[in-house]
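Please open the structure in a viewer and keep the selection panel at hand. The tour proceeds by selections, each followed by a short account of what is found there.

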Amino acid sequence: MEIIGKGNANILIRFPNENDDKNDEYLYRFCIRPFQSLESYNSYTMTNHEFIKRELVPLLGEEYVCSLELVSLPICDDLKRILGPYCKSFITKNMIPASDSIMGLKVLNLKPSRLSMDILQEDHQLKVYVDATGDKIVLEVKPKWLYNPDTLGFCRNCVHNSFKKRENIKYCMASMVKARTHHQVNIMDLFHENTVKCLPEIFIDDLNNYFQNDDNVLKRLYYLQRNLSDKTVSIEKINSDDDVTTGLMILMILRDVTVFISWDKQDGDTDGNHISSHIIDLDLKPRSKWKHWQETERLLSKQSNNNNNNNCILHSNV
Ligand SMILES: [Zn+2]
């Protein structure tokens with residue numbers, strides 16, 4: 001048993017399996033936010049699972065959300081070792097009786113096997129994986145704010161990247177969605193020159209078609225963000241946890257998802273489409289996070305004023 005991925009709120013664990021081929025097919029996802037008891041931990045995990053199924057799967061469409069199975073696992077020594085540092089209040093050496101179980105989510109593994117794939121390019125919003133034959137390519141994308149509300153007055157992604165000094169990001173993810181904009185989507189903006197040299201031409205063509213198409217995963221997210229944004233209170237007007245409505249919660253989740261766009265030369269559908277997409281990281285956020293959202297918005301507004309109108313890398317002179 002080992003941790004193979006860690007975010008701010010979750011870890012992904014790979015379980016050993018007698019059948020080596022199946023090792024990486026499913027992973028187990030556990031929350032690592034602080035909880036005071038096993039009961040509150042399990043209760044959160046159940047609520048989170050129910051929320052994703054009830055609110056997010058119908059909204060995004062089943063084709064974009066991988067199966068998430070709620071599982072209850074006995075807290076064996078291996079799990080104690082792995083989860084103990086994150087669940088100090090209730091997992092200690094002697095506190096958990098062997099009969100107690102902890103809840104997690106069993107998820108399909110979308111990350112390519114570490115053994116067969118190389119990372120061609122990596123930054124905060126994009127990772128490009130390719131296998132040795134070049135027949136399978138996976139983009140791991142953090143699209144963030146694809147829709148920028150008019151009231152914001154700047155490109156949230158570009159200003160945030162500038163604020164965080166992510167100088168290696170030379171593209172604007174919001175520009176990958178051609179909607180209400182005057183420019184063409186240019187997927188070549190996404191890749192470094194050296195990356196392009198390693199990508200087969202047929203992949204570039206397929207990806208280009210995919211992004212020009214009206215129904216791609218980023219467009220789906222863009223329209224959902226736009227609809228919700230028009231209907232929900234803006235972050236600056238929130239005063240308490242109660243002001244964080246379900247709509248705003250969903251909007252903030254959709255601004256923080258991870259998307260896997262997988263191209264497989266061998267696995268095309270009947271229309272010759274070789275691309276499939278999946279959205280992950282759909283977990284509930286604590287309502288108290290509104291303070292953090294507000295503070296970030298305040299800092300980014302300040303940053304945008306300092307940028308002298310270069311509030312999107314597309315309009316930047318640099
Ligand atoms: Zn931008």
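The steps below go from the domains to their sheets and helices.

**The two domains**

Please bear in mind throughout that this is a predicted model. Begin by colouring residues 2-108 and residues 117-315 separately, since the domain assignment of the chain gives these ranges as domain 1 and domain 2. Taken over C-alpha atoms, the centres of domain 1 and domain 2 are separated by 26 Å. Where they touch, 13 residues of domain 1 and twelve residues of domain 2 take part in the contact. Which helix gives the largest share of the side of domain 1 that touches domain 2? It is helix H1, residues 38-60, with eight residues. Sorted by class, this side of domain 1 holds nine nonpolar, three polar and one charged residues.

**The sheet of strands S1 to S5**

Next, display the five strands that form an open sheet in the order S1-S2-S3-S5-S4, with antiparallel pairing. At the edges are strand S1 (2-6) and strand S4, each of which pairs on one side only. From one strand to the next, the twist averages 40°.

Select strand S3 (residues 26-31) together with strand S5 (residues 101-108): these run antiparallel and are joined by four bridges. Here Tyr 26 stands opposite Leu 108 of S5. Now move to strand S4 (residues 68-74), which runs antiparallel to S5 and is joined to S5 by seven bridges. Two residues of S4 may be labelled with their bridge partners in S5: Leu 73 is partnered by Ile 102, and Pro 74 by Ser 101. When viewing these strands, recall that side chains in a regular strand alternate between the two faces of the sheet.

Add helix H1 to the view. H1 lies across S3, S4 and S5, and runs at about 30° to S5.

**The sheet of strands S6 to S10**

Proceed to another open sheet, formed by five strands in the order S6-S7-S8-S9-S10 with antiparallel pairing. Why is one side of strand S6 (117-122) and of strand S10 (275-280) left without a neighbour in the sheet? Both stand at the edges and each has a single partner strand, so no neighbour is present on one side of each. In this sheet the twist averages 20° from one strand to the next.

Select strand S9 (residues 258-264) with S10; six bridges join these antiparallel strands. Ser 262 can be found opposite Ser 276 of S10. Then show helix H5 (residues 201-212), which lies across strand S8 (136-141), S9 and S10 and runs at about 135° to S9.

**Helices H6 and H7**

For the last stop, select helix H6 (residues 217-231) and helix H7 (residues 246-254). Their axes come within 9 Å and cross at roughly 145°, and the crossing is left-handed. To see the contact, show the side chains of Leu 221, Leu 224, Gln 225, Leu 228, Ser 229 and Lys 231 on H6, and of Gly 247, Ile 250, Leu 251 and Leu 254 on H7. By class, this contact comprises six nonpolar, three polar and one charged residues.

Which residues of H7 are buried? They are Leu 248, Met 249, Ile 250, Leu 251 and Leu 254. Display H1 and H6 once more, for both are among the elements that cover these buried residues of H7.

Conventions:
Residues are numbered from 1 along each chain as its sequence is written. This is a predicted model: local features need pLDDT of at least 70, side-chain atom pairs count only at pLDDT 80 or more; totals for chains, interfaces and linings use all residues. Domain bounds come from an automatic or database domain assignment. Two residues are in contact if their C-beta atoms, placed from the backbone, lie within 7 Å. Ala, Val, Leu, Ile, Met, Phe, Trp, Tyr, Cys and Pro count as nonpolar, Asp, Glu, Lys and Arg as charged, and the others, Gly among them, as polar. Axes are lines fitted to C-alpha atoms, for helices over the stretch in contact, and angles run from 0 to 180 degrees between N-to-C directions. A crossing is left-handed if the near helix is turned anticlockwise from the far one by less than a right angle, and right-handed if clockwise. Two strands pair if DSSP finds at least two bridges between them. A residue is buried if 20 or more other C-beta atoms lie within 10 Å of its own, exposed if 12 or fewer, and partly exposed in between; C-beta atoms are placed from the backbone.
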